[in-house]
2 protein chains.
Amino acid sequence: MGVNLSDIAAMGGRPTAAVVGLVLPRSDGSGETIRQLQQGLREMANQYQVPIVGGDTNSWTDGLVVSVTVLGEPIRAAVLRSGAQPGDWIFVTGPVGGSILGRHLKPVPRLIEAEQLVKNYELRAMIDISDGLAQDLGHIGEESGCGIVLHAAEVPIHPDAFELAKQTGKTALAHALGDGEDFELIFTVSAVDGARLLAAPPCPIWKVGVCVAEPGIWLEEEGRRSPLAALGWEHSL
Amino acid sequence: MGVNLSDIAAMGGRPTAAVVGLVLPRSDGSGETIRQLQQGLREMANQYQVPIVGGDTNSWTDGLVVSVTVLGEPIRAAVLRSGAQPGDWIFVTGPVGGSILGRHLKPVPRLIEAEQLVKNYELRAMIDISDGLAQDLGHIGEESGCGIVLHAAEVPIHPDAFELAKQTGKTALAHALGDGEDFELIFTVSAVDGARLLAAPPCPIWKVGVCVAEPGIWLEEEGRRSPLAALGWEHSL
């Protein structure tokens, strides 16, 4: 439910309804699984005021199946991945990395943030972080036909990324760039809108880079730009 | 898809979109199942002009899961099961019984018929036949707080019901009343609308009975009314 609501947020949309398909294993005689599942689905549906309007429930001897689809409508025009332009500033709505320590199981869809942003700014491209900050920004770059420069010092690193780095031996920045399932939004706006945003942010935002004409994705550290792939990120993503 | 479209028809609705959840067994290496499934879903979606707007597809080591949800909107007010009134005439949109000989796998949703009926007549109650003519009419009776009298001689019996009767030893009428998954529509209208309908039917319809004040469901044969339960139908349903 959270992941699907995040998809709606990432298009600058408003969720209108959810449908839920469930297949329950007959071995769950106590009905505890279904009770907890329904409770979780209802809590999030209520929180974001999305009615669960239908779907199907069945049982069988195989494993548990849960399929949630959320329907929505654009608040203004739908924000795609393909609208970024060279010169755009790139923002993220929250610190990232290390979600596997638990946050990946409790995605917080940035619906309110998306609405505030989309109502007041011309968002040129947007996506939510499911694969990882670098990889998802790569999707924006590819589909927009432009390049991405990330400023290493500006990337907001989640405390979980530091925590996880102690276990993995990778850097916290590597986790911030490479880990997925953060469900924060990444979006681009014109430099003019970017400056307006930083002057009076309508929600938590961090500027993390800029779009450039040359395709590719770079990391800028201490004034030096290097292709992300060349830094060995590709494999750690 | 067909069954869900039939549900929309049964409420006097117009389908607007479908979502499809699929979980494919990994053992289906050739992809033949998914290909045929997609083809069937698309054919029916195209035929009734319902866009498949989303859902989810996954694979695993357990069995095949298919979950289809169809969304729709009422053409006029939604037609419920609860609006039948004593004196109403009861109609069905096609011959029934014996669907298990094959028709149950190819449900034909009566969407065009429902639209023609709902646009020109005040349908008081409607349902599609999934459990069987008698049982589904029972649902209308119960929810409308009235009784149902079926006229045995007027029930349109499908050739499959005669065919099946040869195998089962039951009568063709028993199959017509008791068999399910016909997906024809049953509906009630005022006697005035009923007479108009018979005078110039907008689609194939058969009058099969009337609603009465006294709750219950009766079969009228050669002028004699008997409670359906007393005739032993309950068990054969």
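This report covers the symmetry, one strand and two internal spaces of a predicted two-chain model.

## How the chains relate

Two copies of a chain are related by a rotation about an axis and a shift along it. Here a rotation of 180° superposes chain A on chain B, with 0.0 Å of shift along the axis. The RMSD is 0.0 Å. The two copies are thus related as by a two-fold rotation axis.

Which residue of chain A comes closest to the rotation axis? That residue is A:D62, with its C-alpha at 3.0 Å. Both copies use the same surface: 100% of the contact residues of chain A recur in chain B.

## Strand β1 of chain B

β1(B) has 13 residues, and 11 of them are buried, so the strand is largely enclosed by the rest of the structure.

β1(B) pairs with two strands of its own chain. With β3(B), the sense is antiparallel and there are 10 bridges. B:G13 faces B:P74 of β3(B) in this pairing. With β2(B), the sense is parallel and there are eight bridges. Here B:V20 has B:G55 of β2(B) as its bridge partner.

## The cavity

How many cavities of 30 Å³ or more does the whole structure hold? The search finds one. The largest cavity contains about 60 Å³ of space. From chain A, its lining takes A:V19, A:V20, A:G21, A:S67 and A:T69. From chain B come B:V19, B:V20, B:G21, B:G55, B:S67 and B:T69. B:V20 and B:G55, the bridge partners named above, are thus both in this lining.

Four elements each give two or more residues to the lining: β1 and β3 of chain A, and β1 and β3 of chain B. By class, the lining has four nonpolar and seven polar residues. Charged residues are absent from it.

## The second largest pocket

The second largest pocket has a volume of about 980 Å³. Its lining has 40 residues. Nearest its centre lie A:V3, A:N4, A:D7, A:V68 and A:V70.

Both chains contribute to the lining. Chain A supplies at least two residues from each of α1 (2-10), α2 (32-47), β3 (65-74) and β5 (125-128). β2 (52-60) of chain B also supplies at least two. Which element gives the most? β3(A) does, with nine residues. By class, the pocket lining has 22 nonpolar, 12 polar and six charged residues.

Conventions. Residues are numbered from 1 along each chain as its sequence is written. Chains are lettered from A and ligands numbered from 1 in the order in which they are written. This is a predicted model: local features need pLDDT of at least 70, side-chain atom pairs count only at pLDDT 80 or more; totals for chains, interfaces and linings use all residues. Side-chain values use heavy atoms; hydrogens and water are left out. On a 1 Å grid over the protein atoms alone, a cavity is a set of points where a 1.4 Å probe fits but cannot get out, and a pocket is an open set with protein on both sides within 12 Å along at least five of seven lines; lining residues have an atom within 4 Å of a point. Grid points are joined across faces, edges and corners, and a volume is the space filled by probe spheres set on the points. Ala, Val, Leu, Ile, Met, Phe, Trp, Tyr, Cys and Pro count as nonpolar, Asp, Glu, Lys and Arg as charged, and the others, Gly among them, as polar. Copies are superposed by least squares on the C-alpha atoms of residues with pLDDT of at least 70 in both. Contact means heavy atoms within 4.5 Å. Buried means under 20% relative accessible area, exposed over 50%, partly exposed in between (1.4 Å probe, protein chains only). Two strands pair if DSSP finds at least two bridges between them.
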